[in-house]
Amino acid sequence: MAEVICPENILREVDVDRILDESMIMKNKGLRLSQACAAYVNGKYELSYSFAEEGTYQLTTLRTVIDPETEVSSITEFFPYAFLYENEMRELFGVKIQMTKPDYQNKLYRIRQETPFFKKAEENA
Amino acid sequence: MSNIMNFSGTILKNLFSKPVTKNYPAEPAQYPERSRGHIENDFDQCILCGLCMRNCPTGAIVVEKNEGNWKINRFDCIQCGYCTLKCPKKCLSIVPGYQEPGPEKFEEVQHRDVPAPTPKPAAADSAAPAGENAAQAAASTGDGYPQADLSQCVFCTLCAKKCPQSALTVDRTEKKWELAKEDCIQCGLCAQNCPKKCISM
Amino acid sequence: MGKQSIIPFGPQHPVLPEPIHLDLVMEDEKILEAVPSIGFVHRGLESLVEKKDYQEMVYVIERTCGICSFMHGMGYCESIEHIMQVEVPARGRFLRTIWCEMSRIHSHLLWLGLLADAFGFESLFYQCWRMREKILDMFEMTTGGRVIFSVNKVGGVLKDMDEDQIRQILETIDWIEKELTKIKKTFLFDYTVETRLRGVGVLTKEQAHDLGAVGPFARASGVVLDLRKRGYAAYPELDFEPVTSEDGDCWARCEVRINEIFQAIDLIRQASAKIPAGDLAVEVKGNPEGEYFMRVEQPRGEAVYFSKGNGTKFLDRMRVRTPTFANIPGMLQTLKGADYADVPILILTIDPCISCTER
């Protein structure tokens with residue numbers, strides 16, 4: 001029988017200023033950025049950065065809850081391939097992420113509406 | 001030599017065997033029994049409750065209870081079969097046979113004549129207990145919502161279990177029978193299933 | 001140093017039916033850099049959670065992609081089942097596994113066909129798709145659909161397979177195994193095919209890790225990463241090891257996928273031998289409250305489903321991260337230094353699905 005590893009997902013809330021430091025720690029641990037996404041819940045952005053560990057298949061998610069105006073620093077410095085996720089967050093939700101490289105200037109998705117996921121949430125509220 | 005002429009065997013075999021494709025229009029396609037072709041409504045069974053309309057992911061089904069119409073836009077339907085799961089009467093089914101393409105979308109209508117709604121007697125709730133139950137019962141009078149004759153009711157909760165919208169709350173210990181009017185779709189399943197026949201629509 | 005020029009590639013291209021656009025910075029025939037841009041087919045499926053309740057959403061999510069539709073539906077359902085702590089009956093889990101592996105076979109056969117087409121071996125392409133057709137027939141027989149199956153629901157599956165259907169599936173995969181063994185030689189050891197694939201677009205193990213590659217693309221570089229090991233559906237009860245290869249070039253990716261078809265065939269045999277009798281699904285009452293990150297190994301790699309419920313029937317957020325999204329950075333790396341003629345093959349070897357990437 002094959003060995004099956006099934007660890008629980010870890011969810012940790014961190015302060016928005018700590019995102020860079022924490023992701024550097026993850027990078028040094030050898031973790032891979034599995035996904036990053038935003039959600040707009042009750043007038044606040046919830047950003048989730050999930051890091052996956054190879055071998056143990058553990059998923060550690062860093063969660064930060066911020067006001068729409070708060071600026072977030074990009075983690076592309078440590079995880080260059082995060083640029084797609086960050087561009088997506090900025091484009092669909094309008095999360096203010098600083099210094100993403102490369103910055104698509106809201107041209108990642110060719111959509112007519114600006115930050116559609118954010119506005120829709122606002123109308124509902 | 002093993003690195004070349006690998007494919008020759010397959011080519012030779014294909015050269016001397018029949019085509020794997022079907023000669024389609026001449027030889028009709030065979031659909032398996034479970035094939036998701038289109039939705040069919042056994043209209044005699046249909047009670048026009050509108051649950052299919054509410055649960056259709058694409059909004060292809062429109063039910064007009066008062067006019068007696070059940071409409072489906074075959075071009076919007078995605079054959080997911082969710083309506084067949086939600087149908088309280090199980091009169092909807094998915095059967096083989098695809099919708100033929102057409103130059104424009106159209107709706108298919110099934111119609112039955114509905115008798116004009118007759119005004120109900122106002123004082124049906126004779127033995128309604130005091131409080132919100134009475135108010136509820138009074139409010140629902142005469143507009144097609146279910147109402148229970150609480151003197152007959154044994155609070156068996158069968159109506160609440162059968163309600164597809166979970167709009168009914170029945171509590172045996174507190175002798176409570178409540179209807180959440182905004183959820184009720186007037187399907188009449190509660191009245192049908194009531195063992196004491198104390199629910200009227 | 002030669003003269004630099006920029007050649008646009010896509011979104012319409014004869015060999016590549018995927019709507020991706022690349023600006024290739026070229027020096028003579030060599031690519032120096034590739035700048036991707038996607039977003040031609042953004043549909044906003046994720047925002048539909050605000051309008052469709054969490055059970056209807058299954059039918060929306062599985063329409064994210066036409067190839068891994070079953071796994072999209074399943075991944076979403078499992079994420080909701082985790083939130084609501086629903087235990088799917090064993091038979092339901094085994095049926096999901098069988099359908100999953102059938103999806104893997106048909107996806108990989110489709111990809112092999114496209115690869116053969118991309119390097120100009122059309123009769124090989126026909127052979128692959130001929131086999132795939134049989135799997136689609138089996139899907140139609142068991143679920144009623146050839147592309148979109150709609151057999152998942154929160155709490156289990158909707159359709160059962162009887163003995164006869166399982167026997168027919170086993171016969172089909174026996175036939176596919178026999179046919180694929182013949183074709184495998186052409187794919188892996190044919191002289192002309194090898195010249196197109198060997199040593200092209202090498203991604204080392206370190207690069208694969210540093211660029212966050214997933215799925216067969218990463219496994220071909222020697223990264224052992226197979227989310228089925230995480231144990232969803234009935235995988236904990238089956239015996240398998242992730243298929244890997246060492247070279248990290250296009251040939252290795254082809255080898256990994258071919259071996260994964262054989263692995264999938266083996267898994268279907270195991271699952272059909274062990275499948276217990278019993279219920280297909282459990283009744284799910286109430287609304288989800290909480291959140292969960294579900295990860296599923298799709299034919300193309302790891303997919304992440306994030307569901308966040310707030311106790312009403314509408315979810316707060318549903319997010320699908322498809323494998324291609326994670327593989328684009330790795331693909332850009334393989335493009336650097338490659339010849340222009342190899343671009344279609346290099347894009348193809350990550351098995352791109354741009355429509356699911358944009359959702």
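This section describes the fold of chain A and its contact with chain C in a predicted model.

Chain A comprises three helices and six strands. Along the sequence, these elements succeed one another in the order β-α-β-β-β-β-α-β-α. The chain has 125 residues, of which 40% are classed as buried. Among the contacts in chain A with a separation of 6 or more, 56% are made by residues 24 or more positions apart.

With regard to the assembly, two pairs of chains are in contact, and the pair sharing the most contacts is that of chains A and C. Chains A and B, by contrast, are joined by no contact; the closest C-alpha atoms of chain A and chain B are 20 Å apart.

The contact between chains A and C involves 29 residues from chain A and 34 residues from chain C. On the side of chain C that touches chain A, at least two residues each are supplied by strand E6 (289-298), strand E7 (301-310), strand E8 (315-321) and helix H10 (323-335) of chain C. Of the elements of chain C, E8(C) gives the most to this side, contributing four residues. In composition, the side of chain C that touches chain A consists of 15 nonpolar, 12 charged and seven polar residues.

Methods
Residues numbered from 1 in each chain as written. Chains lettered and ligands numbered in written order. Predicted model: local features only at pLDDT ≥ 70, side-chain atom pairs only at ≥ 80, totals over all residues. Contact = placed C-beta atoms within 7 Å. Buried ≥ 20, exposed ≤ 12 C-beta atoms within 10 Å, placed from the backbone. Nonpolar A, V, L, I, M, F, W, Y, C, P; charged D, E, K, R; others polar.
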